[in-house]
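Subject: Structure handover

Hello,

Here is the structure we talked about passing on. Please open it alongside this message and read the two together.

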Amino acid sequence: MTDPTAAVVTRDDPRYPALVEGYNHRFVGRPEQIRLARDADDVRAAVQEAVDSGRRVAVRSGGHCFEDFTAHPDVRILIDLSALDHVGHDPARDAFVVEPGARLDHVYRTLHDGWGVTIPAGTCFEVAAGGHIAAGGYGPLSRRDGLVVDHLAAVEAVVVGADGRARVVVGTSDPGDPHHDLWWAHTGGGGGSFGVVTKYWLRTPGTPDAEPSRQLPRAPRAVLRRDTMWSWDAVSEADFTTLLRNYCTWYEENSKPGAPATALWSNLIITHRSGTMLMLTSVIPDDAPDAAEILHSHTEAIARGIQAAPMSATAETTDTAKTTDTTETAPWLDTWLPSYSWPSDPAGRYKNKAGYLRRGFSDAQIAAIYRHLSSTDYDNPMGCLVVTGFGGQVGAVAPEATAAAQRDCILKASYSTGCWTDPADDERHLAWVRAYYRDVYAHSGGVPVPDAINDGSYIGYPDTDLADPEWNRSGLDWSALYFKENYPRLQRAKQEYDPLDVFHHGLSVRLP
Ligand SMILES: Cc1cc2nc3c(=O)[nH]c(=O)nc-3n(C[C@H](O)[C@H](O)[C@H](O)COP(=O)(O)OP(=O)(O)OC[C@H]3O[C@@H](n4cnc5c(N)ncnc54)[C@H](O)[C@@H]3O)c2cc1C
């Protein structure tokens, strides 16, 4: 028989310090209890106890939140779902079940080894399904396969009614389902707003019954990979501008749903000058039609007109004499994806900000990015810009079909700094990244107001500055930046499934 007290960790328990730590060490909570839930009933009991005793509750799956949503000082009961991590095919629903505590490495491995399928989720293996899927979820296969939530068939969650009773509810993608809106709220409404997800079921719409190996996208066997790097020492402002313009132009021209080049995904990482590097990583499944040609023309187009010579061409070599035409073939799951996953720093402190792009950055935006990344009064190699490929199949879904509203974007931009460990340095790093972001969006009050180029931000990359009038001077509420026209429906779902606002945080959906 299991010991029920083993599932309750209090401050004097030796397990406590490790359990309160997550990805961002700027936020380490001090809850009275951590509840290690093993099933939906454990979750229901913990939520009921929190409601009955008037204590604030939060839920954590992979602990990779950028902000303090699970670590706020007011949180007194933290439900930890890391043990709820089953991944498999559920014959009862004829769909894949993914429990929220499953980290992406476990999800990818299980789906791949069992059925040769996958989901278009993120690159960080330590992120868990719990927060990732509710936010929408995207990654290197999204241009080919859409968002993770485009494959979400149903969700099971513990919610609390107006009577204060916690109950388990299942909502499906079937519009006739009375709990259809519970499902919809979890297709991009973000975690921590409606209840505690205890199961996700995934199956691509329109796939054949009783054929698990055809119910989710096919996992690539291998990818052609190309890494092209330039050194800050060799890159002029003109080169920098050309690189960013070329990169965005390629995405403007190659992001229509179904276009052959949507098989390709790339990531452009430009560190602060003190980090020395501008790095383009591009991958395409090796069996995609014309894979080698698409990869070649992509890198050619991006490097065109840049006077600085690239430093090296592949991940395996630092041979500076190699040309940018060199590529390597890497097994997708065993080599490429793990090589791209960044393990968390055990004490790292971070600040991340983000914005969607419908078209390439304006000249004024590129100039602002250059100014901050090349500034000599900041010297953190972890300060950076990351511009990630998007579009393709993501754009095949209507903005209102799921809660993920930004459907005609071609790129996501992240502006971040990180990995310092001393709290005394917080102010310096925060000041830099806030000024950098404010200046990129200077034309619209310091935030990515939806317009011809920009389109708000991603709730999976939450930034509470967007709800702070000091940093958001646009006059547009933060909710419109994350959820656009989908916000009123999310509020109705909030009213239906969390009318007492039991689940809340800095960017949770508010009651109407
Ligand atoms: C290094 C790194 C890389 C990333 N890469 C990508 C990427 O490639 N693609 C992408 O789309 N995103 C990416 N993200 C963002 C990531 O998807 C989000 O941070 C996600 O919310 C993390 O989920 P989690 O369960 O690990 O985090 P947690 O901190 O556990 O949870 C995050 C939020 O979701 C809530 N939540 C967690 N579990 C549940 C649940 N079961 N039910 C209801 N609410 C819940 C929490 O309360 C919290 O508000 C990345 C984040 C990091 C730190």
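Below is what turned up around the ligand, in a pocket and in the cavities.

One caution before the details: this is a predicted model.

**The ligand site**

Start with the ligand. Its shell holds 32 residues. V59, S61, H132, Y138 and Y458 are the closest of them.

Three polar contacts are worth finding on screen. At V59, a backbone N or O atom sits 2.6 Å from an oxygen atom of the ligand. At S61, the partner is a polar side-chain atom, 2.7 Å from a nitrogen atom of the ligand. At T123, the backbone is used again: an N or O atom there lies 3.2 Å from a ligand oxygen atom. How much of the ligand does the protein bury? The figure is 94% of the 950 Å² that the ligand exposes when taken alone.

Which elements build the shell? Strand β3 (57–60), helix α4 (129–135) and strand β9 (196–202) each give at least two residues. Helix α4 provides the largest share, with three residues. By class, the shell has 15 nonpolar residues, 16 polar ones and one charged.

**The second largest pocket**

Next, an open site. The second largest pocket has a volume of about 360 Å³. It is lined by 23 residues. D150, H151, R203, T204 and P205 come closest to the pocket's centre.

Strand β7 (residues 152–160) contributes the largest share of this lining, three residues. Two domains take part in the pocket: domain 2 (87–218) and domain 3 (222–484) each supply at least three lining residues. The lining splits into 12 nonpolar, seven polar and four charged residues.

**The cavities**

Now the enclosed spaces. How many cavities of 30 Å³ or more does the structure hold? There are five.

The largest cavity has a volume of about 110 Å³. Its lining counts 15 residues, and G22, F27, R60, T70 and A71 are the closest to its centre. Seven of the lining residues are nonpolar, five are polar and three are charged.

The second largest cavity offers about 90 Å³ of space. Here too, 15 residues form the lining. Nearest the centre of this cavity are A135, Y356, A404, Q406 and Y458. Its lining divides into 10 nonpolar, four polar and one charged. Domain 2 (87–218) and domain 3 (222–484) each give at least three residues to the lining of this cavity.

**Where to look again**

Y458 deserves a second look. This residue is among the closest to the ligand, and Y458 is also one of those nearest the centre of the second largest cavity. Domains 2 and 3 come up twice as well. Both help line the second largest pocket, and both help line the second largest cavity.

That is the handover. Write back if anything is unclear.

Best wishes

Technical notes: Residues numbered from 1 in each chain as written. Predicted model: local features only at pLDDT ≥ 70, side-chain atom pairs only at ≥ 80, totals over all residues. Heavy atoms only, no water. 1 Å grid on protein atoms, 1.4 Å probe; cavity = no way out; pocket = protein on both sides within 12 Å on 5 of 7 lines; lining within 4 Å. Points joined across faces, edges and corners; volume = space filled by probe spheres on them. Helix = DSSP H or I, 4+ residues; strand = E, 2+ residues; numbered from the N terminus. Nonpolar A, V, L, I, M, F, W, Y, C, P; charged D, E, K, R; others polar. Domains from an automatic or database assignment. Near = heavy atom within 4 Å. Polar contact = N/O pair within 3.5 Å; in protein donor to acceptor, adjacent residues only side chain to side chain. Areas by Shrake-Rupley, 256 points an atom, 1.4 Å probe, with all protein chains shown as cover.
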